[in-house]
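Let's take a walk through this one together. Have the viewer open and follow along.

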Amino acid sequence: MSATTFPRPRTALAPSPLKRRRAARVGFASTFTVNALLILGSAYMVLPVLWLFFASTKSTADLYGTAAYAFGHPAFLTTSSRS
Amino acid sequence: MVNQAPTKPASRVAAAPTSTIRKPRGLSGTGGRTAALFLTPFFAVFALAMVAPVIYSIVLSFFAQQKSGLGFGEAKTAFVGLENYLQVLQSEAFVGGIGRLALYCAMYIPCMVGGALAFALLLDAAVARARKLFQLLVFLPHAVPGVIAALIWAYLYTPGVSPIVSVLETGGISLNFLDAHRILPSIVNIAVWEWTGYNVIVLFTALQAVPREVLEAARVDGAGEIRAALSIKLPLILPALSVIMLFTVIGTLQLFTEPSIISKATASVTSTWVPNMWAYDAAFNRHNLNQAAAASIIIALMAAVLSWAVTRFSSRMNKA
């Protein structure tokens, strides 16, 4: 089907420079907004799971003592926690 | 040809009586028997696993364990009619639980459905990048079991452990998410986190089925992305939206996991905080199975009435 259609004349479709510039400007603003909102939404979904991942590496003392998104000190490396 | 055309149907009509007598009887005979054979396993399991427990709990709800004066001797099971239902409905905790559940619905449904709709429309926007990645990330919470989700957020609400509380405190805001009057929004947040991604996927799939020529026509007519989203895409995914509403309403009535996990972390959530927790408490802490059965029947009736209302409302909206 698509093979039988005639190619459109390019000149008829090309937008005027002013229009193209406007489209590009609107395009950047909306691209930025849409993707920023997507990133924000995904962060809300992912950060708690990520926290769980980091918390699973910690001992109780590390859970309260270390930064939330940092690895704990595993028991088999430090002899202090289980000796 | 012109003459033949009318005769053909006529002959068919003439032949019809004999064939209607013979064919359907033969068809319904074998079809009915074969269908019954194939349907038997379904109905057997359905009757055993769905109908029998419901009937059993209805029967249970009309009886009560009665002990003689001093509590010695064996308890007798006696028919008490609607006594259990009256006791459940007179319980302040149960009615208060229904109130809390209504408040929870009023907060959760707009937040979750609105959020899912917004995220799905953003994903479907022409300028969105890395759609597969965002889809995966947004669906991630739904892969986490409900109990684990409640546990994660219980930690994220607890001062001292929570990065959220500490960040807010460095910003000069001290919030206790587990306060008596802030616990409801906190639980709403857990449910929103769990369920938004799932519904985003449902809505995004519906958005994929929106005919591209309709969108193209709208674009030619001068509609921007936002206008196309609100006036073209939104009406076309209304059926999917109403399915989501149905599942969400039924799901909210079954609220149990999140508050019962959170109740271990704070005193703001009592053991009879929502109707389901009341029924659980009646059955396993107060050992009053009959009252628990009555409460369950009341919850099931509420779910039935609400889902009927939602399907009625959404079918009317889809017609309009």
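When we say that two residues pack against each other or are in contact, we mean that they have heavy atoms within 4.5 Å. Keep in mind as well that this is a predicted model.

Start with helix H12 of chain B, residues 275–284. Is this helix mostly covered, or mostly open? Seven of its 10 residues are buried, which means under 20% relative accessible area. The buried ones in H12(B) are B:Pro275, B:Met277, B:Trp278, B:Ala279, B:Asp281, B:Ala282 and B:Ala283. What do they pack against? Their partners in chain B are helix H2 (83–90), H3, helix H11 (257–262) and H13.

Zoom out to chain B as a whole. It has 13 helices and two strands, and 36% of its 320 residues count as buried. Of the contacts in chain B with a separation of 6 or more, 66% are between residues 24 or more positions apart.

Move on from H12 along the chain and you reach B:His287, in the loop between H12 and H13 of chain B. Most residues other than glycine have a negative phi. B:His287, though not a glycine, has a positive phi of about 55 degrees. With a relative accessibility of 63%, this histidine counts as exposed, because the cut-off for exposed is over 50%. B:Ala130 is another non-glycine residue with a positive phi, near 45 degrees. You'll find B:Ala130 in the loop between H3 and helix H4 (131–143) of chain B, and at 43% relative accessibility it counts as partly exposed.

Helix H13 of chain B, residues 289–319, holds B:Ala304. This alanine is partly exposed, with a relative accessible area of 42%. Its C-alpha atom is 8.4 Å from that of B:Ile250, although the two are 54 residues apart along the chain. Now try B:Arg182, in the loop between helix H6 (163–170) and H7 of chain B. B:Arg182 and B:Val214 are 32 residues apart in sequence, yet their C-alpha atoms are 45 Å apart in space. Which residues does B:Arg182 touch, leaving aside neighbours within four places in sequence? Its contacts are B:Leu175, B:Asn176 and B:Phe177. This arginine is partly exposed too, at 26% relative accessibility.

Next, look at where the two chains meet. Chain A puts 20 residues into the contact and chain B puts in 26. In chain A, the residues that lose the most area to chain B are A:Leu38, A:Met45 and A:Trp51, together 30% of what that side buries. The area buried between the chains comes to about 2100 Å², with 81% of it from carbon and sulfur atoms. How many salt bridges are there between chain A and chain B? The count is zero.

Finish with the largest pocket, which has a volume of about 540 Å³. Among the 23 residues that line it, A:Val34, A:Leu37, B:Ala118, B:Leu121 and B:Leu122 are the closest to its centre. Helix H2 (17–55) of chain A gives the most to this lining, with eight residues. In chain B, helix H3 (92–124), helix H7 (183–208) and helix H9 (225–236) each supply at least two lining residues. Sort the lining by class and you get 16 nonpolar, five polar and two charged residues.

Conventions: Residues are numbered from 1 along each chain as its sequence is written. Chains are lettered from A and ligands numbered from 1 in the order in which they are written. This is a predicted model: local features need pLDDT of at least 70, side-chain atom pairs count only at pLDDT 80 or more; totals for chains, interfaces and linings use all residues. Side-chain values use heavy atoms; hydrogens and water are left out. On a 1 Å grid over the protein atoms alone, a cavity is a set of points where a 1.4 Å probe fits but cannot get out, and a pocket is an open set with protein on both sides within 12 Å along at least five of seven lines; lining residues have an atom within 4 Å of a point. Grid points are joined across faces, edges and corners, and a volume is the space filled by probe spheres set on the points. Helices (H or I, at least four residues) and strands (E, at least two) are DSSP runs, numbered from the N terminus. Ala, Val, Leu, Ile, Met, Phe, Trp, Tyr, Cys and Pro count as nonpolar, Asp, Glu, Lys and Arg as charged, and the others, Gly among them, as polar. Buried means under 20% relative accessible area, exposed over 50%, partly exposed in between (1.4 Å probe, protein chains only). Buried area is the accessible area (1.4 Å probe) that two parts lose on being put together, summed over both. A salt bridge is a side-chain nitrogen of Lys or Arg within 4 Å of a carboxyl oxygen of Asp or Glu.
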